[in-house]
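Visitor: I am new to this structure and would love a close look at one part of it. Could you take me through the places where metal is held, and then show me what lies around them?

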Amino acid sequence: MKQRFEYLEKAHVSKVGERELREIKDDEVLVKQLTCNICTTDYQQWMGLREHQGYPMAGGHEGAGVVEKVGANVHTVKPGDLVAVAHGGGCGVCANCRVGDTGNCLNKPKEKHRSEDGYLGEFGFADYNIRTEKQIYVMNPDLDPAEAGYLEPVATVCRGMKKLRLQPQETVVVIGAGTMGMVNAQVARAYAANVIVSEIMPKKLETAKAMGFKVIDCNEKDPVEAVMEMTDGKGVDCVIVAVGATKANEQALQMLKKNDGRILLFAAGYPVPDLPYDSNVIHYRRVEIIGTFGAEASDYNEAAKLLNTRAIDVSKIVEPKRFKLDDCQAAFEAASTPGMYRVCIELN
Ligand SMILES: [Zn+2]
Ligand SMILES: [Zn+2]
């Protein structure tokens, strides 16, 4: 059968290709892909900001689809199941995978993987795809596939929560109500934390409010002052920095409670933001500054549960306008417009 797929020939040039899709092997699954959301990594490469990722790039990794056919040795999914795609997964048997650190699999290829016909990427924006059983998670069939496609972003947030050791009834500020800020806020609430969201862009403030979060409108009020007022001058237990900016890093420390507060640096920023801290202050106030990136198999499992049980709701962070495979160029343009949540491409 034929596979139609989107690929980037170079920056700003998205094309649709067609190629023969081989038969599945015994441990593989043929997925009829329904949607794939455009991640920051995808649209920033389209914008020419991530040239190091290489070309031709058949990108996209936030996909969901229906199982069409399974190999003889596949037992956890069956035709008709709605599934979402996970990143990586590791070999499962090396020393790192054995302890759950699949992101650091020792058998990961050293070189970037190219398909036999020369493409980089995971062919997320394709109508059909071959996956291994390990790469896919069964999702609640009632979910909009664009929401099921949130599996990978939610998994990275689950990893961050574990590193942050967020406890029930702790108060946490999420700085930034973009896509990943809102996923962090949702997951923190599912962990029974009290969540405050700080944001400057009106559209994102509205979204955070519509999701039922306490919000700080930074146009109206200094966010540090606002946090102190909301906490009777005590400050909060944790701050999740979901926007890569020096100002946000600075505010995070000022919003924390006097001692033993934790800061989770969730977002990267370009240009690279500073950590404008006095190391003695970090020492005396016993502050923890925690970095996080990526997700492990256990995080994907947790993310699937959060989405499938609707313990979190990502419906408001999928843009209502959907695009078709032939309109990827317009879709990338939309995705790279400031203030947009995830832009979804419908593939079938
Ligand atoms: Zn992503
Ligand atoms: Zn491994």
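Guide: What follows is a walk through the two zinc sites and then the nonpolar cores. Please keep in mind that this is a predicted model.

Let's begin with the zinc ion (ligand 1). Its donors are Cys 39 (SG), His 61 (NE2), Glu 62 (OE) and Glu 152 (OE), at 2.1 to 2.5 Å. Along the chain, these donors follow the spacing C-x21-H-E-x89-E. Two of them connect separate pieces of the fold: Cys 39 sits in the loop between strand 3 (28-38) and helix 1 (40-46), while Glu 62 belongs to strand 4 (residues 62-70), so the pair ties together parts that are 23 residues apart in sequence. Cys 39 counts as buried because its relative accessibility is 9%, below the 20% cut-off. Glu 62 is buried too, with a relative accessible area of 1%. As for geometry, the four donor atoms subtend angles of 88 to 167° around the zinc ion (ligand 1), which makes the arrangement irregular.

Now turn to the zinc ion (ligand 2). Here the coordinating atoms are the SG atoms of Cys 91, Cys 94, Cys 97 and Cys 105, at 2.3 to 2.4 Å. The spacing of these donor residues in sequence is C-x2-C-x2-C-x7-C. Cys 94 is found in the loop between strand 5 and helix 2 (95-98), and Cys 105 in the loop between helix 2 and strand 6 (128-132); this pair, eleven residues apart, links distant parts of the chain. Cys 94 counts as buried at 8% relative accessibility, and Cys 105 counts as buried at 8% as well. The angles subtended by the four donor atoms around the zinc ion (ligand 2) run from 102 to 117°, so this arrangement is tetrahedral.

From the metals, we can move on to the nonpolar side chains. In soluble globular proteins, such side chains tend to be buried together. In this model, the largest nonpolar core has 51 residues, and Met 139, Val 154 and Met 182 have the most contacts inside it. Among the elements giving two or more residues to this core are strand 5 (82-85), helix 4 (151-164) and helix 5 (179-190). Helix 4 supplies the largest share, seven residues. Domain 1 (2-150 + 314-346) and domain 2 (157-291) each give at least three residues to this core.

For a closer view, try Met 182: leaving aside residues up to four places away in sequence, it touches Ala 177, Ala 208, Met 211, Phe 213, Ile 317 and Tyr 341. Finally, a second, separate core of 20 residues includes Ile 38, Tyr 55, Leu 120 and Ala 331.

Conventions
Residues are numbered from 1 along each chain as its sequence is written. Chains are lettered from A and ligands numbered from 1 in the order in which they are written. This is a predicted model: local features need pLDDT of at least 70, side-chain atom pairs count only at pLDDT 80 or more; totals for chains, interfaces and linings use all residues. Side-chain values use heavy atoms; hydrogens and water are left out. Donors are N, O and S atoms within 2.8 Å of the metal (3.2 Å for Na, K and Ca); water is not among the atoms, so sites may look incomplete. Four donors count as tetrahedral if all angles lie between 85 and 135 degrees; four count as square planar and six as octahedral if opposite donors are over 155 degrees apart and all others between 65 and 115; anything else is irregular. Helices (H or I, at least four residues) and strands (E, at least two) are DSSP runs, numbered from the N terminus. Buried means under 20% relative accessible area, exposed over 50%, partly exposed in between (1.4 Å probe, protein chains only). A nonpolar core is a set of buried Ala, Val, Leu, Ile, Met, Phe, Trp, Tyr and Cys residues joined through side-chain atoms within 4.5 Å. Domain bounds come from an automatic or database domain assignment. Contact means heavy atoms within 4.5 Å.
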